[in-house]
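The exercises below are meant for a reader meeting this structure for the first time. Please look through the sequence and the model before trying each task, and read the solution only afterwards.

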Amino acid sequence: MPTPIITDGSIGRVPQSPRIVLPTNAQRFAERADRFEALANGHPMADYLRAMAQIARAQQVALQARAAAPIAEPLLASSRQYGMPPVSAQSHERGAEWRADLRDIVATVRRSASGQLRDTLAQLAALGDDALETLAERLIVGTTLDADAAFVPFVGAALQVYFSRLAATLEAGDVEKCDVATVCPVCATRPVASVLRVGPQNALRYLHCALCETEWNMVRVKCSSCEADKGLAYLSIEQEGRSAADAVTKAETCGECRSYLKIFNQDKDAFVDPVADDLATLALDVLVDEQGFARSGPNLLFHPGSG
Ligand SMILES: [Zn+2]
Ligand SMILES: [Zn+2]
């Protein structure tokens with residue numbers, strides 16, 4: 001019998017891992033809240049991580065409260081044609097929805113807040129639109145002030161809701177042309193961390209956008225900041241019962257540009273979340289900073305220096 005000619009593209013049928021994964025998981029912030037709570041158990045910063053879990057729960061409420069305004073067609077067209085990120089965070093004109101998201105998040109967390117947090121939330125709720133836009137601007141550009149520190153987790157949370165909601169309206173084909181590997185193909189923001197995701201064949205490294213939650217594939221042997229393929233080294237914190245090679249969390253350091261970014265191994269812990277696990281491993285940042293490396297991507301729920 002002759003070999004049938006397969007015309008539907010299924011020849012060999014090797015499952016392909018996608019290059020870009022858009023944030024279409026409708027429960028993404030609820031799952032992050034669960035992860036924060038799991039990480040809090042027995043953690044020296046348990047109260048902090050539980051507070052972050054509450055913010056993530058409030059993000060989920062805000063996410064479901066409204067729909068994304070459509071992205072303007074010319075932006076989609078230039079993304080498809082020239083690989084321009086369609087909602088580039090620094091130039092995108094934010095809709096008022098993000099401030100509604102922020103007010104929802106503040107209102108939700110406020111219900112169970114006490115003490116200093118209650119005061120912070122009252123101050124934040126009293127800020128006018130212009131002040132909120134200025135805060136958002138500083139957070140996106142990476143110039144938050146020490147005076148902003150208490151507001152950052154809430155403003156960052158609202159921006160994540162707003163931008164991830166927009167990103168989820170895209171099709172992967174809209175953003176596939178972007179070939180700058182070191183920034184998000186949707187919003188041009190730097191990644192918060194890498195995740196080694198268990199794929200059909202082997203683990204692939206995805207960078208996770210700090211803002212819109214999109215993930216994009218990048219080869220493992222390159223620095224995620226300067227793309228140098230030499231001089232990478234991995235640092236981790238010793239954990240009882242685990243060898244260094246077995247660590248869930250490592251810092252990938254680059255000897256060329258002296259930067260680092262964390263990399264989480266999903267094979268070692270199926271529930272890793274780049275944003276939550278990052279904040280649960282701030283001790284590693286301290287260690288790596290001491291070695292003279294500068295972190296290359298932000299966590300928008302955290303003002304550096306406020307730890
Ligand atoms: Zn993004
Ligand atoms: Zn580098």
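Four exercises with worked solutions follow, and they rest on a predicted model.

**Exercise 1.** Determine which residues coordinate the zinc ion (ligand 2), how they are spaced in sequence, and which geometry the site has.

Solution.
- Step 1: The donors are the SG atoms of Cys 223, Cys 226, Cys 254 and Cys 257, which coordinate the zinc ion (ligand 2) at 2.3 Å.
- Step 2: Read along the sequence, these donor residues follow the spacing C-x2-C-x27-C-x2-C.
- Step 3: Cys 226 belongs to the loop between β4 (215–217) and β5 (232–235), while Cys 257 belongs to the loop between β6 (249–254) and β7 (259–265), so this pair ties together parts that lie 31 residues apart in sequence.
- Step 4: Four donors count as tetrahedral if all angles lie between 85 and 135 degrees, and the angles among the 4 donor atoms of the zinc ion (ligand 2) are 105 to 111°, which makes the site tetrahedral.
- Step 5: Cys 226 counts as partly exposed, with a relative accessibility of 35%, and Cys 257 is also partly exposed, at 30%.

**Exercise 2.** Work out the donors and the geometry of the zinc ion (ligand 1), and decide whether Cys 209 and Cys 212 are buried or exposed.

Solution.
- Step 1: The zinc ion (ligand 1) is held at 2.3 Å by the SG atoms of Cys 184, Cys 187, Cys 209 and Cys 212.
- Step 2: The spacing of these donor residues in sequence is C-x2-C-x21-C-x2-C.
- Step 3: Angles of 96 to 117° among the 4 donor atoms give a tetrahedral site for the zinc ion (ligand 1).
- Step 4: Buried means under 20% relative accessible area; Cys 209, at 0%, is therefore buried, and Cys 212 is likewise buried, at 0%.

**Exercise 3.** Compare the span of helix α2 with the expected value, and find what covers its buried residues.

Solution.
- Step 1: Helix α2 comprises residues 46–65, which is 20 residues, and from its first C-alpha to its last it reaches 29 Å.
- Step 2: The expected span, at 1.5 Å a residue, is 28 Å, and the span of α2 is close to this.
- Step 3: Among the buried residues of α2 are Ala 46, Leu 49, Met 52, Ile 55, Gln 59, Gln 60 and Leu 63.
- Step 4: The elements covering these buried residues include α1 (28–40), α4 (97–110), α7 (152–167) and α9 (274–279).

**Exercise 4.** State how many salt bridges are counted, and describe where the partners Arg 35 and Asp 269, and then Lys 268 and Asp 246, are found.

Solution.
- Step 1: The count comes to 25 salt bridges.
- Step 2: In one of them the side chains of Arg 35 and Asp 269 meet, at 3.0 Å from N to O.
- Step 3: Arg 35 sits in helix α1 and Asp 269 in the loop between β7 and α9, so the two tie together parts that are 234 residues apart in sequence; Arg 35 itself is buried, with a relative accessible area of 10%.
- Step 4: A salt bridge also joins the side chains of Lys 268 and Asp 246, at 3.0 Å from N to O.
- Step 5: This pair links distant parts of the chain, with Lys 268 in the loop between β7 and α9 and Asp 246 in the loop between β5 and β6, 22 residues apart.
- Step 6: Lys 268 is partly exposed, at 29%, and Asp 246 is partly exposed, at 28%.

Note on methods
Residues numbered from 1 in each chain as written. Chains lettered and ligands numbered in written order. Predicted model: local features only at pLDDT ≥ 70, side-chain atom pairs only at ≥ 80, totals over all residues. Heavy atoms only, no water. Donors = N, O, S within 2.8 Å, 3.2 Å for Na, K, Ca; no water. Tetrahedral: all angles 85-135°; square planar, octahedral: opposite > 155°, others 65-115°. Helix = DSSP H or I, 4+ residues; strand = E, 2+ residues; numbered from the N terminus. Buried < 20%, exposed > 50% of the residue type's maximum accessible area, 1.4 Å probe, protein only. Expected span 1.5 Å × (residues − 1). Contact = heavy atoms within 4.5 Å. Salt bridge = Lys/Arg side-chain N within 4 Å of Asp/Glu carboxyl O.
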